[in-house]
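Work through the exercises below with the structure in view. Each task is followed by a solution in steps.

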Amino acid sequence: MKKDRIEIIDALRGLAVVLMVVHHFLFDLVTFLGAPEFLFTNPVLDVFHYFFAGLFIFLSGVSSNFSRSNVKRGLKTLAVALAITLVTWLIGMPDVFGVLHLLAFCMLFYGLTRKLWEKIPRTALALLCAALTAFTAILTAHVTTTAKFLWMFGFPYPGFYSSDYFPIFPWVFVFLLGTWAGAYIVEKKLPRWFYDMKVPFFPKVGQKALLIYMVHQPVLFGITWLIALFTGQKII
């Protein structure tokens with residue numbers, strides 16, 4: 001079966017990327033220009049942030065059904081993630097396990113274990129992933145530890161810092177839920193409109209998601225610097 005691009009998937013990914021860029025720009029305004037903190041963190045944005053990040057992770061799982069090699073895809077993403085860690089470490093805002101690190105892990109994990117997941121009945125897989133997402137989200141929110149080797153799994157030790165932090169739990173199960181949905185999409189089991197829908201702008205953004213993720217923060221910082229220059233403000 002030919003696995004053509006499905007525009008609505010690219011569009012949803014593009015929407016998630018645009019929202020991510022806006023969110024990070026608000027962070028820059030608050031952090032470097034001293035804008036009111038509520039622009040970046042408030043009850044609405046704090047929840048919405050995880051919604052569009054979760055959508056991005058879910059869609060990455062969906063796309064795993066279209067990939068020729070999730071292991072190669074994961075290694076490519078890991079290389080970019082490690083480069084980001086190096087750069088952010090040098091500027092004093094280390095990103096040690098952000099969304100790209102998580103996606104690299106998920107791609108590699110799924111690529112190596114795919115046959116095991118495919119043996120689970122699909123309904124059972126969906127229920128299992130949903131239940132484990134909820135359970136591990138509650139677990140990581142309420143359990144604390146001083147162990148320094150569990151931060152990757154969602155249990156950061158006191159003093160741990162990552163400028164972007166998406167641990168394996170609960171997010172790996174959101175990714176796996178995406179792989180479940182992607183199996184139905186590949187098999188053309190969704191309504192015809194899902195495959196035929198045309199969406200302006202956002203699909204192009206979604207197709208360049210990794211590139212945008214790599215370059216958006218330097219661009220946003222440049223814009224922030226220009227704002228400071230033209231308004232006479234100092235970068236904090």
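The exercises concern aromatic rings and pockets in this predicted model.

**Exercise 1. Classify the ring pair of Tyr 50 and Trp 171 as stacked, tilted or edge-to-face.**

Step 1. The rule asks for ring centres within 6.5 Å, and the centres of Tyr 50 and Trp 171 are 6.0 Å apart.
Step 2. Planes under 30 degrees apart count as stacked. The planes of Tyr 50 and Trp 171 meet at 15°, so the pair is stacked.
Step 3. Locate the partners: Tyr 50 belongs to helix H2 (residues 43-63) and Trp 171 to helix H6 (residues 168-186), so that this pair, with its partners 121 residues apart, links distant parts of the chain.

**Exercise 2. Decide for Tyr 50 and for Trp 171 whether each is buried, partly exposed or exposed.**

Step 1. Buried means under 20% relative accessible area, and exposed means over 50%.
Step 2. Trp 171 has a relative accessibility of 11%, so Trp 171 is buried.
Step 3. Tyr 50 has a relative accessible area of 44%, so Tyr 50 is partly exposed.

**Exercise 3. Treat Phe 201 and Phe 202 likewise: find the geometry of the pair and the exposure of Phe 201 and Phe 202.**

Step 1. The two ring centres are 5.1 Å apart, with 70° between the planes.
Step 2. An angle over 60 degrees counts as edge-to-face, and that is the class of the pair of Phe 201 and Phe 202.
Step 3. Phe 201, at 55% relative accessibility, is exposed, whereas Phe 202, at 25%, is partly exposed.

**Exercise 4. Which charged residue sits over the ring of Tyr 157, and which cluster includes Tyr 157?**

Step 1. Lys 148 places its charged end over the ring of Tyr 157, 5.5 Å from the ring centre.
Step 2. Ring pairs join Tyr 157 with Phe 97, Trp 151, Phe 160 and Tyr 165 in a cluster.

**Exercise 5. Describe the lining of the largest pocket and that of the second largest pocket.**

Step 1. The largest pocket, with a volume of about 1200 Å³, is lined by 39 residues. His 24, Asp 95, Ser 163, Asp 164 and Gln 217 lie nearest its centre.
Step 2. Its lining has 25 nonpolar, 10 polar and four charged residues. Helix H9 (209-231) gives the most, with six residues.
Step 3. The second largest pocket has a volume of about 670 Å³ and 22 lining residues. Nearest its centre are Arg 5, Arg 13, Ser 63, Arg 73 and Gly 206.
Step 4. The lining of the second largest pocket has nine nonpolar, six polar and seven charged residues.

Notes:
Residues numbered from 1 in each chain as written. Predicted model: local features only at pLDDT ≥ 70, side-chain atom pairs only at ≥ 80, totals over all residues. Heavy atoms only, no water. Helix = DSSP H or I, 4+ residues; strand = E, 2+ residues; numbered from the N terminus. Buried < 20%, exposed > 50% of the residue type's maximum accessible area, 1.4 Å probe, protein only. Lys NZ or Arg CZ within 6 Å of the ring centre and 35° of its normal. 1 Å grid on protein atoms, 1.4 Å probe; cavity = no way out; pocket = protein on both sides within 12 Å on 5 of 7 lines; lining within 4 Å. Points joined across faces, edges and corners; volume = space filled by probe spheres on them. Nonpolar A, V, L, I, M, F, W, Y, C, P; charged D, E, K, R; others polar.
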